[in-house]
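Here are my notes on the model you sent round. Have the structure open while you read, and go through the points in order.

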Number of protein chains: 6
Amino acid sequence: MRILVANPNTTEAVTARLMAAAAAVKAPATELVPMTAPRGVPYIATRADAVIGSAVALEMLAERHRDVDAAIIAAFGDPGLGGARELFDIPVVGMAEAAMLTACMLGRTFAIVTFSGGLVPWYNECLDWNGLRGRCAGIFALQGAFASIADVQEEKEEALVALANRVVAEAGADVVILAGAPLSGLAQSVRDRVPVPLVDGIQAAVKQVEALVALRPAKATEGTFRRPAAKTCTGIPEALRARFERRDG
Amino acid sequence: MRILVANPNTTEAVTARLMAAAAAVKAPATELVPMTAPRGVPYIATRADAVIGSAVALEMLAERHRDVDAAIIAAFGDPGLGGARELFDIPVVGMAEAAMLTACMLGRTFAIVTFSGGLVPWYNECLDWNGLRGRCAGIFALQGAFASIADVQEEKEEALVALANRVVAEAGADVVILAGAPLSGLAQSVRDRVPVPLVDGIQAAVKQVEALVALRPAKATEGTFRRPAAKTCTGIPEALRARFERRDG
Amino acid sequence: MRILVANPNTTEAVTARLMAAAAAVKAPATELVPMTAPRGVPYIATRADAVIGSAVALEMLAERHRDVDAAIIAAFGDPGLGGARELFDIPVVGMAEAAMLTACMLGRTFAIVTFSGGLVPWYNECLDWNGLRGRCAGIFALQGAFASIADVQEEKEEALVALANRVVAEAGADVVILAGAPLSGLAQSVRDRVPVPLVDGIQAAVKQVEALVALRPAKATEGTFRRPAAKTCTGIPEALRARFERRDG
Amino acid sequence: MRILVANPNTTEAVTARLMAAAAAVKAPATELVPMTAPRGVPYIATRADAVIGSAVALEMLAERHRDVDAAIIAAFGDPGLGGARELFDIPVVGMAEAAMLTACMLGRTFAIVTFSGGLVPWYNECLDWNGLRGRCAGIFALQGAFASIADVQEEKEEALVALANRVVAEAGADVVILAGAPLSGLAQSVRDRVPVPLVDGIQAAVKQVEALVALRPAKATEGTFRRPAAKTCTGIPEALRARFERRDG
Amino acid sequence: MRILVANPNTTEAVTARLMAAAAAVKAPATELVPMTAPRGVPYIATRADAVIGSAVALEMLAERHRDVDAAIIAAFGDPGLGGARELFDIPVVGMAEAAMLTACMLGRTFAIVTFSGGLVPWYNECLDWNGLRGRCAGIFALQGAFASIADVQEEKEEALVALANRVVAEAGADVVILAGAPLSGLAQSVRDRVPVPLVDGIQAAVKQVEALVALRPAKATEGTFRRPAAKTCTGIPEALRARFERRDG
Amino acid sequence: MRILVANPNTTEAVTARLMAAAAAVKAPATELVPMTAPRGVPYIATRADAVIGSAVALEMLAERHRDVDAAIIAAFGDPGLGGARELFDIPVVGMAEAAMLTACMLGRTFAIVTFSGGLVPWYNECLDWNGLRGRCAGIFALQGAFASIADVQEEKEEALVALANRVVAEAGADVVILAGAPLSGLAQSVRDRVPVPLVDGIQAAVKQVEALVALRPAKATEGTFRRPAAKTCTGIPEALRARFERRDG
């Protein structure tokens, strides 16, 4: 099984983190195919960034969907996920949805813990989009700046562990999601320092997308996720345009 | 007061419809500035289309925001609205939110009536994004195809009036929103044929954006709609890129 | 356009505040018609007060609705609004609904800040009636007594600004509504001292009612806001009784 | 134990119906004290009627609260209930809340069945006020007019039984509330003709208010239902005014 | 009227507390029949305990339902309530539902205060099962261990009163439920030390079950609470098995 | 990896169906360990049945949890799941939760389709327990009786396919869950006859439990799913009693 790990951020170092964490949990037969956004922002944090990231994610999937069995949109917040699920025939999973749905099987409530307050509004919208407000004990972020998106995981490790512990004690979270692609792998490395299960977005996404492929769901031919009718469009990269115009089969 | 009417669809005929309906209700001192999407899809209908339309909407506002006092994202569904509200200093209003919020002052429940079932999933997501599920008596669409987006209003007028009447009788809607930019102006022309108030998206948006300008709200400098910090990005049209990178003042 | 500003409190000084704030934002062609409650309580604060204020509001509209194009129920909490919307043919807007709906176009969440804890329960019920719980970051009030309802705005200005700032920092509100008729005008005067948009109830109501008049919505002849059938009643002031009994045309 | 049955409608025949149904279930030691509204509308049906009925209900309680141990606001929809609960020291129960809360102990979902569609909007607001939307299988009304409010119960008996049966079969209601004071007593007389438990508003209210008196809850001296501070008011009947002004002890 | 007070805990001392508190509020003609769980856990606290308690509750009712007019499942959390309501013909009421529904007639919001944090998750699930999240100001528990379930009421009286007062002041609760069978009777003894109404679970349950018996609701013969069809089963105590297999009439 | 497939029904034929469907999707290295309830009901359908099934599920896991890496509670409705998650150290997944959470990654809304109306109330409670009401397009059941639980899948295949198609067309479901252990395997065999993705409960559960094992979540040592303190109990099968009393390590 080949799975596209589409990082809609332009930062290669984040892709490397994603791949390392993903490799640690993938099934033996799974081949992970990395891809870093060829355009866009270095790190999607705001709603405005997510608009760009959503378009980029569709472009990335349009380039590569024929070569893989499934795809992960590898930014917590899942830019472009609904559109991707309409447009492509393969299963597509978002890191945030995978993390949250997985967390639901480990407790009644999950908290989302991340490294920057700037991410909270977008994560809040993602939570509502998933309809999981009632399962969420809160979204919590460190305050203050960080030095580099590539190394924020090491820089903030102590602070994140402390925040996760506080969230368990004070907000009553049964599970903690360590959210944001730059934190990929952290859940495993600090597993013994937080007294509830931790969930890592990319790892959850790898297992969820493997599950979907194994279950062989049919692509919808009716309903709101059937592939849209052909529509002529302009000013869009060729691969995506071909997909919209149904010139690609 | 100058208001940008940014149609994120590429169909000029829809812009013309929007402008005609807008002109009928604008205040004397308001000047409406039309703009049609320079790239994208002819008519945004699906979630995938909305991803493209969201990016295009930000690009359009980046081009013109310095020339106007406020802007309308003139597609029902409000592509890119949250991002635009972060990124720009002027008030930005979406057609769907304006229609729904206006409808709330005319009754307890509103129904959304539109001309194509393909629009319903996207409208549903927009309704949830606005948190107004509890005020909505349902989203209802005509079945079957239409000949041309430019003339769907005339083609389907009888069917839309019949559907609106059925929705009032059977779904208990206090207000009916005639949704979709191609229906602009229809609410006024069939006003006497439906026994509850009708709301037209662009007309509601014009009045709401005029209201916001008159109220002179400050641009947030804290909170989730403050302008994001500068962020280098690549592969994005220059005006929008300058806005992201805060090179534009 | 003539708009009735119906203050259902008996305090003339509050009406004066309302009119001053309203005048600052009204359109040039709008004429505002003030009216102070001829009976009732000096200032509606509790649910019991609101029962009285609701009846008084209907009486006031019955007296004057033929002379105006629209009306504002000018107490935050909107006493009698649903009944007024049934009974009269003109648009009627409440200060609270106008403030909350306007705030929804300026951010994802609004906080309501007011000068007395006694108002909170009633405001809470109003929030629920509008179905906007999911958009509200909380209702916050100063603690302690105030000297005079007429001058509470000046007396508490510093404390209200401090509370608004705290609400932005701690409750994550994107917008702050300064609620209560005695605070009319405060939002504009402290506009630069709170880092998010402020909304003033009467100012929002003026713009919203102007918007409704411009949109010319038909009075419902079906549905839950059609005018009720004639009903004989007793012990009710003549103008209102005539309206209930449909003797007034 | 003396219980005031305050009918906020002016129709004596409805009070008689209420008293007969109440007498059938009251405890031996309970004395029921009937009171018919001295002013207002013959039958509260709309939101506008409820505004009047709310004020009348407070006036009635102000007249009689010193003579009784508790009171029932005997109109389905509970006009003035929140205000009454603030203002008076005795327990006050509404017919609708009593019916709905009682129904919750007989099934997961209740349906509300009534004789006139005109009542539905008001009942809907009452349902939301009680926060019980999730327990309600729907509000259903007969269509068409009725001859007399006094005799609507006999006139519509067959139609109401048929509607109740349909609601059980099609809407999945576990319990049916026969709503509206004019239907008082009907639940017992048609008990064997509907295959789920029926709830009668006044009978539920009698038992609930007896329960509250037996439990001897303290009147709140803090929180949102403490008695409001004295407030001078004008144009209000003397007994109620004395209560507002705290001149009555 | 004979009412079974079925304590699904195995602790006799808790049954004694329940009976004493129940006796203080029952109607003169009511006879209370105590029963302590013959097997199970000493005190149901966790979800796992509740699984055992639910089965035990059905077994207890199967033993005794023919001898009584109604039954109370006398553990806050209401183990087995839904199943009991299906299986038996008599009214069955849970202590938690009775307390919460009663509290709804004494204020807009209730808080649940209990003596051990270990109970909170189960109470949370019970709250959601009742659909009353919107009426609840929170579930609050003392921290730290207690010496004996039989005497926890006296041991923790001061701490519980202090917590109840804090909850009123800080969480805005209109009513406080003192939850957990071991606290039976406490609400009356500390009635004057908390400034809002207190509700006692067993006392509320006695009055509610008396109310249901007086109202004579029919057992459902359709809908989701009709008695299930006969079903052969194995390994279940004889009385309950006979009920499942409909061999008991 | 060894996974216990604990069927809390006593029908061996259902276990066989579960195992066949599970085997079709399991990973190569996964060993499935079947177990049929040694006591209880042949098929859990009602809330009362679920009470029995919940206790039986805990007993089954107590017997076998030391021999496996994870467990599936293999009845749609997930009897005893919350308690099991507290009590045991291994991951435990329910068939209903696994199906619903998996469905969330295949569309916005899922419908639950089953073979008997008697199951609907219990499934409704399970849906609410999972907090996924907003993602569910409805729970739909065939009407009428079936001949045998072992063969209901073949008997009703045509009717279930027809119902699934109707649900897609009329209720707008993006995904259909074929619910109930006796339908195990049906989703794959009718995959091409329904135009949206189908989800099979046991297959989803196998993949989800494999995912959890791969992710190696820590057992909570704080929060609401930490293992409960030792508690002496009586009348409970020895293995479960040892687990409650913490005599098993």
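The points below take up the chain pairs and then some individual residues.

1. A caveat to begin with: this is a predicted model. Please read each distance and area below as a value computed from predicted coordinates.

2. Let's start with chains F and E. A rotation of 180° with 0.0 Å of shift along its axis puts chain F onto chain E, at an RMSD of 0.0 Å. That is how copies about a two-fold axis are related. In the contact itself, 37 residues of chain F touch 37 residues of chain E. Since 100% of the interface residues of chain F are also interface residues in chain E, the copies meet through the same surface.

3. How much area do chain F and chain E bury between them? It comes to about 2,700 Å², with 62% of it on carbon and sulfur atoms. Arg47(F), Val51(F) and Lys231(F) are the trio to click on: they supply 21% of the area that chain F buries against chain E, more than any other three residues.

4. The polar side of the F and E contact is worth a look too. There are four salt bridges between chain F and chain E. Asp49(F) makes a salt bridge to Lys231(E), where the closest N and O atoms are 2.5 Å apart. Between these two chains, 18 residue pairs are in polar contact, counting pairs with both residues at pLDDT 80 or more. On the chain F side, the elements giving two or more residues are α2 (47-64), α3 (81-87), α5 (120-129) and α10 (238-244). The largest share, eight residues, comes from α2(F). By class, that side of chain F has 20 nonpolar, 11 polar and six charged residues.

5. Now turn to chains D and E. Here 42 residues from chain D and 42 residues from chain E take part in the contact. The pair buries about 3,900 Å², 61% of it on carbon and sulfur atoms. Met105(D), Arg108(D) and Leu215(D) supply 18% of what chain D buries against chain E, more than any other three residues.

6. How many salt bridges does the rule find across the interface of chain D and chain E? The count is zero. Polar contacts do turn up, with 19 residue pairs between chain D and chain E (both residues at pLDDT 80 or more). On the chain D side, β4 (92-94), α4 (95-104) and α9 (201-215) each supply at least two residues. Of the elements of chain D, α9(D) gives the most, with eight residues. That side of chain D is made up of 22 nonpolar, 10 polar and 10 charged residues.

7. Some pairs of chains don't touch. Chain A and chain D have their nearest C-alpha atoms 15 Å apart and make no contact. The story for chain B and chain E reads alike: no contact, with the nearest C-alpha atoms 15 Å apart.

8. Next, zoom in on Glu86(D). The side chain of Glu86(D) forms a salt bridge with that of Arg47(C), at 3.1 Å from N to O. Glu86(D) sits in helix α3 (residues 81-87) of chain D and Arg47(C) in helix α2 of chain C, so this pair joins two chains. Are the partners buried or exposed? Glu86(D) is buried at 3% relative accessibility, and Arg47(C) is buried at 6%.

9. Thr46(C) also meets Glu86(D), through a side-chain to side-chain polar contact of 3.2 Å. Thr46(C) lies in the loop between β2 (31-36) and α2 (47-64) of chain C, and is buried with a relative accessible area of 13%. Apart from neighbours within four places in sequence, Thr46(C) is in contact with Glu86(D) and Pro228(D).

10. Last, two salt bridges within chain C. Arg243(C) pairs with Asp89(C), the closest N and O atoms being 3.3 Å apart. This pair links distant parts of the chain, 154 residues apart: Arg243(C) is in helix α10 (residues 238-244), while Asp89(C) is in the loop between α3 (81-87) and β4 (92-94). Arg243(C) is buried at 1% relative accessible area, whereas Asp89(C) is partly exposed at 45%. The other bridge joins Arg247(C) and Glu245(C), at 2.9 Å from N to O. Arg247(C) is partly exposed at 45%, and Glu245(C) is buried at 15%.

Terms used
Residues are numbered from 1 along each chain as its sequence is written. Chains are lettered from A and ligands numbered from 1 in the order in which they are written. This is a predicted model: local features need pLDDT of at least 70, side-chain atom pairs count only at pLDDT 80 or more; totals for chains, interfaces and linings use all residues. Side-chain values use heavy atoms; hydrogens and water are left out. Contact means heavy atoms within 4.5 Å. Copies are superposed by least squares on the C-alpha atoms of residues with pLDDT of at least 70 in both. Buried area is the accessible area (1.4 Å probe) that two parts lose on being put together, summed over both. A polar contact is a pair of N or O atoms within 3.5 Å; within protein, one must be able to donate a hydrogen and the other to accept it, and residues adjacent in sequence count only if both atoms are side-chain atoms. Helices (H or I, at least four residues) and strands (E, at least two) are DSSP runs, numbered from the N terminus. Ala, Val, Leu, Ile, Met, Phe, Trp, Tyr, Cys and Pro count as nonpolar, Asp, Glu, Lys and Arg as charged, and the others, Gly among them, as polar. Buried means under 20% relative accessible area, exposed over 50%, partly exposed in between (1.4 Å probe, protein chains only).
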